[in-house]
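Hi everyone, thanks for making time. I'd like to walk you through one structure today, so have a look at it while I talk.

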Amino acid sequence: MIISLKEGITPEQYSSVLDRIKSKDLEPHMDEGSLMTIIGIRGDTRKIEENYFMIEGVKSVKRVSKRYKEVSREFKNTDTIVDIAGVKLGNGYFNVIAGPCSVESREQLFESAEKVKLSGAKLLRGGAFKPRSSPYEFQGMEEKGLELLAEAREKFGLPIVTEIMDIRDLELFKKYDIDMYQVGARNMQNFNLLKELGHVNKPVLLKRGLSAKIEEEWLLSAEYIVSNGNSNVVLCERGIRTFETAYRNVLDLNCVPYLKQITHLPIIVDPSHATGNIDLVPSMSLAAVAAGAHGLILEVHPNRKQALSDSNQQLSPEEFYNLMKTIDRIKSIL
Ligand code: PEP
Ligand code: MN
């Protein structure tokens, strides 16, 4: 529910409105950008009549019409800016997350980190727990991978982004103080994991499911995290499954401007997994920037032929450097 307040509302009337909300065990949410004229109500309001909040000082009360509530623009009109250990995404803040698909060794990770930093990436990625289609493929270095990421963060000063696949790994993520928890495409509807991430005090990168619909599935998954208390969610378009088999996935760039209309959350794009092909990654990265993405996540490997996962889509450090230069030019035009 959204309560709109009259312009001349007195402090006494304002606190009566807050008291009414709290008396129903609900939580008021003030949208800072809207000069205290709108209060969103968090919690289950299904059994409460709108009239209950129509007291002095209140202009109108309306229900959020969408199934996703707190992530909708109806609930909060100002863009959310997500701060990942000092690096911001959203509302004019654009940044690039880069690094290898998987953490494979100290040398491989450190070389990737050093090179992506030199080219201007502000966050380091690398999978320690890998969701592989085949049980016979490299499953990730697990805890050792998190430890190496934490070491790389110290050495290169880049906050770290890595995938959490299972609630049972939450303690390890806390132990290594992971800066941003990635939920991969395959786990976008792991509702128990999403609920737990609502209670974590770190930003979450929520990738789009393999064939997830935007409003009926993806945003409702984001709603699981936000409604459980963690409003620091960044959406990531990573390609969807269609009839086309020429590339790994089809990058749905429509979703960037579309999501900006219906949600206040930042949206970034992953051209590496969306294309699965280094020859396509640079063009689609530029297209994503031009479409208004708040950031990119790109796979970069110092020696992709030796990579233990996703060897066809990881840019070399040189390719990444050249791409970052062109991204700067596109940004300056915009
Ligand atoms: C990844 O980013 O490491 C990954 C596995 O991506 P996705 O979940 O989008 O397939
Ligand atoms: Mn990968």
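Let's start with Glu299, which counts as buried because its relative accessibility is just 1%. Before I go on, one caution: what you see here is a predicted model.

So what does Glu299 do in this picture? Along with Cys101, His273 and Asp310, Glu299 is a protein donor of the manganese ion, ligand 2. The donor atoms are SG of Cys101, NE2 of His273, an OE of Glu299 and an OD of Asp310, and they lie 2.0 to 2.4 Å from the ion. If you like patterns, the spacing of these donors along the chain reads C-x171-H-x25-E-x10-D. Take the pair His273 and Glu299: they link distant parts of the chain, with His273 in helix α8, residues 271-275, and Glu299 in strand β14, 26 residues apart. His273 is buried as well, at 9% relative accessible area.

Now, the fourth name in that list, Asp310. You'll find Asp310 in the loop between β14, residues 295-299, and α10, residues 317-333. Here's something to look at in the backbone: Asp310 isn't a glycine, yet its phi is positive, about 45°. For context, most residues other than glycine have a negative phi. Is Asp310 buried or exposed? Asp310 has a relative accessible area of 19%, and the cut-off for buried is under 20%, so Asp310 counts as buried.

Stay in that loop for a moment. Gln313 lies between β14 and α10 too, and Gln313 is buried at 2%. Which side chains does Gln313 touch? One is Glu299, through a polar contact of 2.7 Å. Another is Asp310, at 3.0 Å. Both of those partners are manganese donors.

His301 belongs to this loop between β14 and α10 as well. His301 is buried, with a relative accessible area of 3%, and a polar atom of its side chain lies 2.9 Å from the backbone nitrogen of Asn303.

Okay, on to ligand 1. The residues around ligand 1 are Arg125, Lys130, Pro131, Glu163, Gln182, Gly184, Ala185, Arg186, Lys207, Arg238 and His273. You'll recognise His273 there from the manganese donors. Sorted by character, that shell has 2 nonpolar, 3 polar and 6 charged residues.

How do oxygen atoms of ligand 1 sit against the protein? A side-chain N or O of Arg238 is 2.6 Å from one. For Lys207, a polar side-chain atom is 2.8 Å from an oxygen of the ligand, and for Ala185 a backbone N or O atom is at 2.8 Å. Taken alone, ligand 1 would expose 300 Å², and the protein buries 97% of that.

Two of those shell residues, Glu163 and Gln182, take us to a pair of strands. Glu163 stands opposite Gln182 in β10. Strand β9, residues 160-163, runs parallel to β10, and 3 bridges join them. Both faces of β10 are covered: Met180 and Gln182 on one side, Tyr181 and Val183 on the other, are all buried.

Last stop, just before β10. Asp177 is in the loop between α4, residues 170-175, and β10, residues 180-183. Asp177 is another non-glycine with a positive phi, about 50°. Asp177 is partly exposed, though, at 38% relative accessible area.

That's the tour, happy to take questions.

Conventions. Residues numbered from 1 in each chain as written. Chains lettered and ligands numbered in written order. Predicted model: local features only at pLDDT ≥ 70, side-chain atom pairs only at ≥ 80, totals over all residues. Heavy atoms only, no water. Near = heavy atom within 4 Å. Polar contact = N/O pair within 3.5 Å; in protein donor to acceptor, adjacent residues only side chain to side chain. Areas by Shrake-Rupley, 256 points an atom, 1.4 Å probe, with all protein chains shown as cover. Nonpolar A, V, L, I, M, F, W, Y, C, P; charged D, E, K, R; others polar. Helix = DSSP H or I, 4+ residues; strand = E, 2+ residues; numbered from the N terminus. Buried < 20%, exposed > 50% of the residue type's maximum accessible area, 1.4 Å probe, protein only. Donors = N, O, S within 2.8 Å, 3.2 Å for Na, K, Ca; no water. Pairing = 2+ DSSP bridges.
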